[in-house]
Amino acid sequence: MKHQISASPIIITGTGLWTPEHIITNEELVDSYNDWAQKFNADHAAAITAGEMEEKPLSSARFIEKASGIKSRYVYEKEGILDIDRMRPRFTERPESAISRQAEIGIAAARMAMAAAKKTASDIDAVIVACTYTERAYPAIAIEIQEQLGINGFGFDMLGACSAATFGLHRAYDCLASGSASCVLAVNPELVTPQVNFQDRDSHFIFGDVATAVILERAETRVAENYFQVLGTKALTRFSSHIRSNFGHLSRATDVDPYGWDKLFHQAGRKVFEEVSPIAAQHLADHLASLGIRPADVRRFWLHQANMNMNKMVIRQLLGEDVPLDKTPFILDRYGNTASAGLIIAFHLTNTDLNTGDIGVICSFGAGYSVGSLVLRKGQ
Ligand code: CO8
């Protein structure tokens, strides 16, 4: 394998998607949440009446679909989430000798991406795991995947919340451009439901689990027929606490509840919607302009899958009009928000019908705040 600074185009040649077998519909989730909330209110009636405690409001399946576009989500484990005495998934602890859950689901997606790219382990020399949470600090999930698949070279994990997958692709691009790798497997094992607060009406409906994977390489090593050239990458971050999880290794020293509400996902959803949409639209406009491409000439936008209305807003701000779903594919209805992997799912499911030369854009936006894009051109 040649490790040298590359003038050769960098291309995406394969993607993979692992989808859990369990589905939770809005109706199931709302029934469970409402049963829990009513029990909570009955159990604490005296304190609520005395004004010492707030009544838990009820959730609504109609609200969820209208406000977010989500109808159902896939989850790694259904058991426990709908149990009002538990309200979180139930996993069994795996021994250190067993493969980790995130490596397992990441490998399932990776094998599909490798098959699509027509690559074997010996062709790949870097593994990047990019996602919202990793189930342990070390050894890296990426190194475990590397070991399980028999890949030489190096691997590392990186976090980046909503933009982990796109920032991971950026790092893959940089590795290829600098010559530190010649074929990169980027994996997004988004196993997030353990960190969802299913007792929080404002966010209990948002997330689902999934794993995605992408193969990037240089044009000179391509075997696959379907591929996209990466014309450019662009990232932007701006600090905000409006989407936050304080889960971390310091809880043991600060003597707080490591599973307290603030350690789980929480957000000011309306503020995020209002603040992030214009940042994302401007970012997209700047990125496309830097490449001399008019937004109207983009054939497809694979946008972050957090909220249907937010994606419409970003597109309206960028193009000045609404566009058909064919131009901004939408998988949120079935998958829910799968953190950084949602746009990779959308890309995976809807990239084969583009014509040679068509321009597509992948763009994430959310926690951090963070925005990350890749402008792609379909190869022949
Ligand atoms: N049922 C019924 N009513 C509800 C519910 C509910 N479940 N939830 C809220 N309401 C009520 C509110 O209380 C409010 O009532 P009132 O008007 O009386 O105050 C009313 O409905 C309207 O509330 P909102 O204004 O909050 O509703 P919105 O229309 O803004 O919709 C959303 C809420 C859906 C949360 C919306 O704001 C949104 O999606 N915003 C975008 C947020 C976003 O993109 N976040 C990024 C998420 S982070 C990410 O994508 C990945 C990183 C983190 C991964 C972590 C994994 C665990």
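Trainee: Hi! Let's start with A161: what is its relative accessible area, and how exposed does that make it?

Mentor: The relative accessible area of A161 is 21%, so A161 is partly exposed. The cut-offs are under 20% for buried, over 50% for exposed and in between for partly exposed, with a 1.4 Å probe and protein chains only. The areas themselves come from the Shrake-Rupley method with a 1.4 Å probe, and for residues only the protein chains shown count as cover.

Trainee: Anything I should know about the model before we go on?

Mentor: It is a predicted model, in which local features need pLDDT of at least 70, side-chain atom pairs count only at pLDDT 80 or more, and totals for chains, interfaces and linings use all residues. Residues are numbered from 1 along each chain as its sequence is written, and side-chain values use heavy atoms, leaving out hydrogens and water.

Trainee: Thanks. Where does A161 sit?

Mentor: A161 is in the loop between β5 (154–159) and α6 (164–178). Helices (H or I, at least four residues) and strands (E, at least two) are DSSP runs, numbered from the N terminus. The phi of A161 is near 45°, a positive value in a residue other than glycine.

Trainee: Why point out the sign?

Mentor: Most residues other than glycine have a negative phi, and most peptide bonds are trans. M87 also has a positive phi, near 60°, and is not a glycine. M87 lies in the loop between β3 (72–75) and α4, and its relative accessible area of 5% makes it buried.

Trainee: You brought up peptide bonds. Which residues does a cis bond join?

Mentor: One cis bond joins Y138 and P139, with omega about -5°. P139 is in the loop between β4 (126–131) and α5 (141–149). Another cis bond joins G368 and Y369, with omega about -10°, and Y369 lies in the loop between β12 (359–366) and β13 (370–378).

Trainee: Let's switch to the ligand. Which residues come nearest to it?

Mentor: C162, R201, Q267, R270 and N307 do, out of 27 residues around the ligand. A residue counts as near if one of its heavy atoms lies within 4 Å.

Trainee: And what are those 27 residues like by class?

Mentor: The shell has 16 nonpolar, 8 polar and 3 charged residues. Here Ala, Val, Leu, Ile, Met, Phe, Trp, Tyr, Cys and Pro are nonpolar, Asp, Glu, Lys and Arg are charged, and the others, Gly among them, are polar.

Trainee: Which side-chain or backbone atoms pair up with the ligand's nitrogen or oxygen atoms?

Mentor: An N or O atom in the side chain of S59 is 2.9 Å from a nitrogen atom of the ligand. A polar backbone atom of S60 is 3.1 Å from a ligand nitrogen atom. N307 puts a polar side-chain atom 2.8 Å from an oxygen atom of the ligand.

Trainee: How much of the ligand does the protein bury?

Mentor: The protein buries 76% of the 1,200 Å² that the ligand exposes when taken alone. Two elements, α3 (61–68) and α8 (269–290), give two or more residues to the shell. The largest share, 4 residues, comes from α8.

Trainee: New topic: helix α9. What span should its 12 residues have?

Mentor: They should span 16 Å, and the end C-alpha atoms of α9 (residues 308–319) are 16 Å apart, which agrees. The expected span is 1.5 Å times one less than the number of residues.

Trainee: Which residues of α9 are buried?

Mentor: M310, N311, V314, I315, L318 and L319. Down the axis of α9 they fall within an arc of 150°, so they line one face of the helix. The arc is that of the directions from the helix axis to the C-beta atoms. An α-helix has 3.6 residues a turn, so residues three or four places apart point the same way.

Trainee: Back to α6 for a second. How does its span compare with what it should be?

Mentor: That agrees too: the 15 residues of α6 should span 21 Å, and its end C-alpha atoms are 21 Å apart. Its buried residues include A164, F167 and L176. After α6 comes G179, with a positive phi near 90°.

Trainee: Last one! Which atom does the side chain of N197 reach?

Mentor: A polar atom of the N197 side chain lies 2.9 Å from the backbone nitrogen of Q199. N197 is in the loop between β6 (183–190) and β7 (210–218), and it is buried, with a relative accessible area of 15%.

Definitions and conventions
Polar contact = N/O pair within 3.5 Å; in protein donor to acceptor, adjacent residues only side chain to side chain.
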